[in-house]
Amino acid sequence: MQMATAEEKSPTPEAALQKRVLIVDDALFMRNTLRDIFASAGFSIAGEADDGVQAVNLFRELKPDLVTMDIVMPYKSGIDATREIVQLDPAAVVIMCSALGQESLVMEAIEAGATDFIVKPFRGEDVLAVVKKVLGH
Ligand SMILES: [Mg+2]
């Protein structure tokens with residue numbers, strides 16, 4: 001009988017490659033929706049923030065692979081938070097979560113360094129399609 005080796009017990013490559021996401025939105029419902037979408041797709045939720053100040057602090061602390069960023073939030077907008085995050089890490093991947101009618105704010109966010117955007121209300125597959133595009137797999 002052959003014994004299991006240590007190598008066979010090591011974490012799977014899939015687990016090692018699990019991407020960590022920081023979810024930023026002042027609406028609890030949106031954070032919950034995004035958390036469910038990412039968790040069901042195998043992502044790890046690094047953290048959640050409900051304003052732009054907390055978003056920048058958590059980005060600095062957690063170094064997530066991906067950030068979803070609401071635009072209109074108290075204390076600091078998603079646009080200003082994105083600008084600061086990209087200054088901290090020019091390779092940061094930030095996906096803006098906009099609403100219909102916020103096209104000019106989305107343009108401003110892209111100029112501030114956001115990678116891409118999704119428009120609320122969205123379906124899980126819409127979010128994951130954009131994520132797949134920006135993360136390259
Ligand atoms: Mg908001």
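Trainee: Leaving aside neighbours within four places in sequence, which residues is Met96 in contact with?

Mentor: This is a predicted model, where local features need pLDDT of at least 70, side-chain atom pairs count only at pLDDT 80 or more, and totals for chains, interfaces and linings use all residues. Residues are numbered from 1 along each chain as its sequence is written. Two residues are in contact if their C-beta atoms, placed from the backbone, lie within 7 Å. With neighbours within four places set aside, the contacts of Met96 are Met69, Ile71, Gly78, Val106, Ala109, Ala114 and Phe117.

Trainee: How many residues does the largest nonpolar core have?

Mentor: A nonpolar core is a set of buried Ala, Val, Leu, Ile, Met, Phe, Trp, Tyr and Cys residues joined through C-beta atoms within 7 Å. Buried means that 20 or more other C-beta atoms lie within 10 Å of a residue's own, while 12 or fewer is exposed and anything in between is partly exposed. In the largest core, Leu22, Val67, Met69, Val94 and Met96 have the most contacts inside it. The number of residues in that core is 34.

Trainee: What share of the chain counts as buried?

Mentor: The chain has 137 residues. The part of them that counts as buried is 34%.

Trainee: In what order do the elements of the chain run from the N terminus on?

Mentor: Helices (H or I, at least four residues) and strands (E, at least two) are DSSP runs, numbered from the N terminus. The chain holds seven helices and five strands. Read from the N terminus, the elements run α-α-β-α-β-α-β-α-β-α-β-α.

Trainee: What is the order of the strands in the sheet?

Mentor: Two strands pair if DSSP finds at least two bridges between them. The five strands form an open sheet with parallel pairing. Their order is 2-1-3-4-5.

Trainee: Which strands stand at the edges?

Mentor: An edge strand here has a single partner strand, so one of its sides is left without a neighbour in the sheet. The strands in that position are strand 2 and strand 5 (116-120).

Trainee: In strand 2, which residue is the bridge partner of Val21?

Mentor: Strand 1 and strand 2 (residues 44-49) run parallel and are joined by five bridges. One bridge pairs Val24 with Ala49 of strand 2. The partner of Val21 is Ile45.

Trainee: At about what angle does helix 6 run to strand 4?

Mentor: Axes are lines fitted to C-alpha atoms, for helices over the stretch in contact, and angles run from 0 to 180 degrees between N-to-C directions. Helix 6 lies across strand 4 and strand 5. Its angle to strand 4 is about 170 degrees.

Trainee: What do the buried residues of helix 4 pack against?

Mentor: The buried residues in helix 4 are Gly52, Ala55, Val56, Leu58 and Phe59. They pack against strand 1, strand 2, strand 3 and helix 5.

Trainee: What covers the buried residues of helix 5?

Mentor: Helix 5 (residues 78-88) has Gly78, Ile79, Ala81, Thr82, Arg83 and Ile85 as its buried residues. The cover includes strand 1 (20-24), helix 4 (52-62), strand 3 (66-70), strand 4 and helix 6.

Trainee: What value is phi of Lys63 near?

Mentor: Lys63 comes just after helix 4, in the loop between helix 4 and strand 3. Because 13 other C-beta atoms lie within 10 Å, Lys63 is partly exposed. Most residues other than glycine have a negative phi. Lys63 is not a glycine, yet its phi is positive, near 45 degrees.

Trainee: What is phi of Tyr75, about?

Mentor: Tyr75 sits in the loop between strand 3 and helix 5. It counts as partly exposed, with 13 C-beta neighbours inside 10 Å. Although Tyr75 is not a glycine, its phi is positive, about 70 degrees.

Trainee: Which residues are joined by a cis peptide bond?

Mentor: Pro121 is in the loop between strand 5 and helix 7 (124-135). The cis bond has an omega of about -5 degrees, and it joins Lys120 and Pro121.

Trainee: Is Ala91 buried or exposed?

Mentor: Ala91 lies in the loop between helix 5 and strand 4. Its C-alpha is 9.5 Å from that of Asp65, which is 26 residues away in sequence. Because Ala91 has 6 C-beta neighbours inside 10 Å, it counts as exposed.
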